[in-house]
Structure formats: structure tokens, C-alpha cells
Number of protein chains: 2
Amino acid sequence: MTTSDQPATLRERKKLRTRQALADTAVTLFGERGFDSTPLDALLEQVEVSRRTFFRNFRSKEDVALTAVKQLWDVYLEVLDGTKKSGPLIDVFLDAMLTTLERMDEDWYRRFPLTLRLIADSPALDGYTLRHCAEVQAEIARRLDGQNRLELRLLIEFFVATWRCALDEWLPDCVPGELPALLRRSCSSMNSALSLSFPA
Amino acid sequence: MTTSDQPATLRERKKLRTRQALADTAVTLFGERGFDSTPLDALLEQVEVSRRTFFRNFRSKEDVALTAVKQLWDVYLEVLDGTKKSGPLIDVFLDAMLTTLERMDEDWYRRFPLTLRLIADSPALDGYTLRHCAEVQAEIARRLDGQNRLELRLLIEFFVATWRCALDEWLPDCVPGELPALLRRSCSSMNSALSLSFPA
DNA sequence: AGAGCAAATGCCACACTGTGGCACTTCGTG
DNA sequence: CACGAAGTGCCACAGTGTGGCATTTGCTCT
């Protein structure tokens, strides 16, 4: 479960509520009408906030649509920080993601698949997501900063790529319980992928 | 050297010239004033074409800035098609890229580093590039479509990621002759990256 | 409880990207 | 030389994102 620390002040709670309302309405509204073909104004009208307010809460139209993705990686970085990093790094990365998936709540498992479908349908959104992944990867590298930077960088790239492959296989059905197994399977295929020969 | 097949008709040559002028001026102009902070109008004014004409030649402002990147991958796909695909697939991918690098002409080696710096300075451009890479990867997968799709997909992801890592190391100096060696080194680090342990 | 303060919001205007319609020029072709 | 087609320019418009400024709303201190 995600730690939902409620802010004390009423003002902050109110702001958080509009943030959630925007993110929540975004995935459903964009899901119904398409991300590219839905004007931002449609979202603003439905949530009843002004453009000014929206852009104080989110950087862009893409940003609000990808809230679920960002939440995942935020939790992932937290989990990674609280992990004793020993043994094969790939296992560290994998275990951290499995733990992260356990921590996400039910509502997230409702919004995340919707978000993935938005991404699959919109190249612009996909590019934005990939860029976000790149930032997360840089952040991971920064926190683990060791000697062999090239190999570390490569491993991080490989892991995130493997994660995205697992998501692609998960996408059609999006049964929450199946995702960990798919991720494990992808990770266990990494080595044999490298030694793949042609023809098969 | 890139195959510069000149179109017979005068009209097509003219159109091609404006295309090249736009792409060429774009990298230098954006390089001087920054991609995000340079209005498209500045480019149009310098090349003396209307917006209408520009958007018939390029999909977006990002598109014209990334011409060199697209050219690289276009050639890469050609080379890959003309390669006898046998043995370890990773070597096939690597060799194809080495061949591709040999085929690019001098002017490309002037524009490509400029483009990389643009990308490094602009998140939006970076996202667009990553998205383009994803499309290329899908295209590669389509052409090799074999049995074990997951592992093939993984390998392609890994290779392109490794290529991008090599580019990052190449970026500071951008000496054309050094790129192949950097790419070889990155590729030869792939296996050890997977078995990386912590602490180092 | 009331006054003052700071944060959040809404409204307005603007810059920039990208698209579609339409007229005009220019090139290719009979 | 004339006709058709491709290319181009001009114009207007939708949509995204930003900044200024007044107003409201919640917080805090007396």
C-alpha cells in the first residue's frame, strides 16, 4: 500500500484533492476520447479549474496523463533507497520492483493499465514516457554511483528495457497478479537474449 | 559514403534542396540559440520558406532538428537488410552499425555531433529521439520476426541502449574515428554488465 | 473573533506550434 | 504552346503553455 500521509493543513488537502481529481479525470477522459484528440480545456471544464491552476500542478498535458507512471517510479526509488544492496545488482533491481508492485494500492492498479493504453495510442505520450524513464535511470545511476560506470549504466538500461517488455506482455489483459511473474520471466531471459543466434 | 541518387526532374531537385537547406540551417541555428528558445519562424526566415512549405517537408520542429539521426537509422536498416544474418545476433547488429558508420559521409559527421548536443540540451528533443528509436526497434523486430519474440525484443532493446551509451561517451569530443571503438567496447561490456554485483 | 498575511486561484493577453483552405506560381508533358 | 499537376505562399484558426494582476481563501497572530 502506498503511504498516504495526509497533510495537516486544509489548504494542502484541498490542493491535493484537485491534483488527484485532475489526474483521475485525465486518464478516464483521455481514455474515452483519445489523448491527442481531447483538448485540455475539456479536462479543465470537467474538473472546473482554470488553465492557470492546472499548470501550477502539472507541467504539461502529458504530465497529468502519466501520473500513475510517475507514482510507480517515485515509489521504486524509495524502495531502492531502503534496500540493502548486496549480491547481483540485477536481482536488487528486480526485487525492488517486485516490492514496489506490492506497495501500489488498488486504485493505482485501476489507473495504471488505462495509462498504458493511452501511451500505446499516442506517440507523443510515448516519447514523454521514455524521456521520464531516462531521468529515472539517471537518478538510479546517481544513487549507486560506483566504479564501473559504463557497466552500471548498461545494466540500468537493460533492466528498464526489460521492465517495459514485461509491460508490453502484460498490456492485453492487465491482470495485476500476473505482472510479477511476467517481469521475472523477462529478467530470466536477459542472459539468453544476449547469446541469441540466427537463424533460430 | 551515402548513396546520393540525384532525382532526374528539376522540381524534385529543388524540393530536395530546400529540405537540405532547412535541415542544415536547423542544426546550426538551433545550436547557436538553443532549440527550445529558437522560434521556428527564425529558421523559416533564414531559409526563406513559408510555414506551409516547412510542414510539408517535416512533421515538426523536432523532426527537422533530428534529420541526421533519422538518416543514420535509415542507412542502418538498409545495411541490415543487405546482411547475411548468421551467427550471434548481437554481432550482426554490431557489424551492421559499424558498416553504417563507414557509409556516412563527412557532412553527416559534422551535423550528427551538433544534433547530439541539441538533444542533450532539450528534454523535448530527447523524448522525440527516444520515441524514434522505439520505432526503429519495432521495425528491426518486424524484419527479423522469428520464434522467440521476447528474447529478440530484449536483444534489440539492449543493443540500441548500448549504442546510446556509446554515444554518451563519444559526445564530449566527437572524434569520428573513435566511435567504432567505443561501440565495440560498450558491446563487449554487455555480458559483464548483467552479472554486475554490489558492492563493486 | 478580527486583522493582517501568504498562498492559491481566476481572468486576460500573449507567444509558439501545427493544420486546413484557397489562390498563385512553376514545372512537366502532350 | 497549352494544359494539368505539383509546389508554394498567404491567411485564419485550434491548441498548448506562460506571465501579469486582481481576487479569493485559508492560515496565523494578537
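Visitor: Before we start, where do the domain bounds here come from?

Guide: Domain bounds come from an automatic or database domain assignment, and what we are looking at is a predicted model. For chain A that assignment gives domain 1, residues 9-60, and domain 2, residues 66-190.

Visitor: And how many ångströms separate the centres of those two domains of chain A?

Guide: Taken over C-alpha atoms, the centres of domain 1 and domain 2 of chain A are separated by 25 Å. In the contact between them, domain 1 of chain A takes part with 11 residues and domain 2 of chain A with 13 residues.

Visitor: How much area do they bury between them?

Guide: Domain 1 and domain 2 of chain A bury about 850 Å² between them, with 61% of it on carbon and sulfur atoms. On the side of domain 1, the residues that lose the most area to domain 2 are D24(A), V27(A) and F35(A), which together account for 49% of what that side buries.

Visitor: What is the count of salt bridges between these domains?

Guide: The count between domain 1 and domain 2 of chain A is one salt bridge. The side chains of D24(A) and R110(A) meet in a salt bridge with an N to O distance of 3.1 Å, and D24(A) is also among the residues of domain 1 that lose the most area to domain 2. The count of residue pairs in polar contact between the two domains is three, with both residues at pLDDT 80 or more. By class, the side of domain 1 that touches domain 2 has five nonpolar, three polar and three charged residues.

Visitor: OK, switching to the DNA. Which residues are closest to strand C?

Guide: DNA strand C is surrounded by 21 residues, and the closest are T53(A), R56(A), L10(B), R11(B) and R52(B). By class, the surface near DNA strand C has 11 charged residues, along with five polar and five nonpolar ones.

Visitor: What share of the strand C atoms within 4 Å of the protein is sugar or phosphate?

Guide: Of the atoms of DNA strand C within 4 Å of the protein, 62% belong to sugar or phosphate, and the rest belong to bases. As for individual approaches, an N or O atom in the side chain of T53(A) is 2.3 Å from a phosphate oxygen of DNA strand C, and the side chain of S50(A) has an N or O atom 2.9 Å from a phosphate oxygen of that strand. From chain B, a polar backbone atom of L40(B) is 2.9 Å from a phosphate oxygen of DNA strand C.

Visitor: Now strand D: which residues are closest there?

Guide: Around DNA strand D there are 21 residues, the closest being L10(A), K14(A), R52(A), T53(B) and R56(B). For R52(A), an N or O atom of the side chain is 2.7 Å from a base oxygen of DNA strand D. A phosphate oxygen of DNA strand D is 2.3 Å from an N or O atom in the side chain of T53(B), and a polar backbone atom of K61(A) is 2.9 Å from a phosphate oxygen of the strand.

Visitor: Which helices supply that surface?

Guide: Each of α1, α3 and α4 (61-65) of chain A, together with α1 and α3 of chain B, supplies at least two residues of the surface near DNA strand D. That surface has five nonpolar, five polar and 11 charged residues by class.

Visitor: Last topic, the two protein chains. How many residues are in contact?

Guide: In chain B, 42 residues are in contact with 42 residues of chain A. The area buried between the chains is about 3900 Å², of which carbon and sulfur atoms give 65%. In chain B, L194(B), L196(B) and F198(B) lose the most area to chain A, together 20% of what that side buries.

Visitor: How many salt bridges are there across that interface?

Guide: Six salt bridges are found across the interface of chain B and chain A, while the structure holds 30 over all chains. In one of these pairs, R131(B) forms a salt bridge with D126(A), the closest N and O atoms being 2.4 Å apart. That pair crosses between chains, from helix α8 (residues 123-144) of chain B to helix α8 (residues 123-144) of chain A.

Visitor: Why can side chains like that pair?

Guide: Side chains of opposite charge can pair when their charged atoms come close.

Note on methods:
Residues numbered from 1 in each chain as written. Chains lettered and ligands numbered in written order. Predicted model: local features only at pLDDT ≥ 70, side-chain atom pairs only at ≥ 80, totals over all residues. Heavy atoms only, no water. Contact = heavy atoms within 4.5 Å. Buried area = accessible area lost by both parts, 1.4 Å probe. Salt bridge = Lys/Arg side-chain N within 4 Å of Asp/Glu carboxyl O. Polar contact = N/O pair within 3.5 Å; in protein donor to acceptor, adjacent residues only side chain to side chain. Nonpolar A, V, L, I, M, F, W, Y, C, P; charged D, E, K, R; others polar. Near = heavy atom within 4 Å. Helix = DSSP H or I, 4+ residues; strand = E, 2+ residues; numbered from the N terminus.
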